[in-house]
Every structure is written in structure tokens, then in C-alpha cells.
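Visitor: I should like to learn how to read the features of a protein model. May we look at one together?

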Amino acid sequence: MKGQNIGYVRVSSGSQNTERQLGDIALDTTFTDKTSGKNTNRPELDKCFNHLRAGDTLHVHSIDRLARNLKDLQGIVDTMAK
């Protein structure tokens, strides 16, 4: 079974352009949060995790768009591994 290409985009404010992050990748679904990285309440990231299935590929422009520090990244990876 072929998985989907899922994108997660985060910008710090509503006025920032999201297109530059994953604009050149063909994605089946994209989840976008417009909030500071220090904010751990990211509803679209939660929706993204609920949407992901075995075989899907998660695309993120850079690690700093996904996690603010190594501890946050480890928590995200742990969540995805469940």
C-alpha cells in the first residue's frame, strides 16, 4: 500500500508566507500552524499526527519548523512512533 505525502508547515505569524516551505513538493494533505515555535499548543500538528498512517511520509521544511529544541523533537518522534 502506497502511503500519502503529508506536509506540516509552521510560521510564527499570520502575515508570513507559508508557500516557500513546501511549495515544490507534491503533497496529498498539508497542515499549517501560524504560531510561535515556543507554543506547544499547535492544533494543526495534533491533526497531522492523527492523520498520519503507516507508510505515509511527513515532509517538513526544516527541523526548526517542527520543534524548538531537542527535547521537543524527541517528544514529537515518540508521539509519531506510537
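Visitor: Let us begin with a single side chain. Is Lys 47 buried, partly exposed or exposed?

Guide: Please note at the outset that this is a predicted model. Exposure is judged by relative accessible area, and a residue counts as buried under 20% and as exposed over 50%. Lys 47 has a relative accessible area of 46%, so Lys 47 is partly exposed.

Visitor: With which residue does the side chain of Lys 47 meet in a salt bridge?

Guide: A salt bridge requires a side-chain nitrogen of Lys or Arg within 4 Å of a carboxyl oxygen of Asp or Glu. Here the partner of Lys 47 is Glu 44, with 3.1 Å from N to O. Glu 44 counts as buried, because its relative accessibility is 18%.

Visitor: How far apart are Glu 44 and Lys 47 in helix α2?

Guide: They are 3 residues apart in helix α2, so about one helical turn separates them.

Visitor: How many salt bridges are there by this rule?

Guide: The count comes to 2. Besides the pair in α2, Arg 65 forms a salt bridge with Asp 64, and their closest N and O atoms are 3.6 Å apart. Arg 65 is buried, at a relative accessible area of 14%, whereas Asp 64 is partly exposed, at 42%.

Visitor: Which side chain of opposite charge is nearest to Arg 10?

Guide: That side chain belongs to Asp 64, 5.5 Å away from Arg 10. Since a salt bridge needs a distance within 4 Å, Arg 10, although buried, has none. Arg 10 lies in strand β1, and a polar atom of its side chain is 3.0 Å from the backbone oxygen of Asp 64.

Visitor: Where is Asp 56 placed, and what does its side chain reach?

Guide: Asp 56 sits in the loop between α2 (43–51) and β3 (57–60). Asp 56 is buried and has no salt bridge, and the nearest side chain of opposite charge, Arg 53, is 6.4 Å away. Backbone atoms must be examined as well. The side chain of Asp 56 reaches the backbone nitrogen of Gln 4 at 2.8 Å, and it reaches the backbone nitrogen of Arg 53 at 2.8 Å. Leaving out residues up to four places away in sequence, Asp 56 touches Gly 3, Gln 4, Ile 6 and His 51.

Visitor: May we turn to contacts across the sequence? Which residues are in contact with Val 9, leaving aside its neighbours within four places in sequence?

Guide: Positions far apart along a chain can be compared through their C-alpha atoms. For Val 9 and His 61, 52 residues apart along the chain, these atoms are separated by 7.3 Å. As for contacts, those of Val 9 beyond its sequence neighbours are Thr 18, Gln 21, Leu 22, Thr 30, Phe 31, Thr 32 and Asp 33. Val 9 is located in strand β1 (residues 5–11), and it counts as buried because its relative accessibility is 3%.

Visitor: Finally, how does one read empty space, and what is the volume of the largest pocket?

Guide: A probe the size of a water molecule, rolled over the atoms, shows where empty space is left. In this model the largest pocket has a volume of about 170 Å³. Two or more residues of its lining are given by each of the elements α2 and α4 (70–81). The largest share of that lining, 4 residues, comes from α4. Among the lining residues are Leu 45, Phe 49, Asp 72 and Ile 76.

Definitions and conventions. Residues numbered from 1 in each chain as written. Predicted model: local features only at pLDDT ≥ 70, side-chain atom pairs only at ≥ 80, totals over all residues. Heavy atoms only, no water. Buried < 20%, exposed > 50% of the residue type's maximum accessible area, 1.4 Å probe, protein only. Lys, Arg positive; Asp, Glu negative; His and termini not counted. Polar contact = N/O pair within 3.5 Å; in protein donor to acceptor, adjacent residues only side chain to side chain. Contact = heavy atoms within 4.5 Å. 1 Å grid on protein atoms, 1.4 Å probe; cavity = no way out; pocket = protein on both sides within 12 Å on 5 of 7 lines; lining within 4 Å. Points joined across faces, edges and corners; volume = space filled by probe spheres on them.
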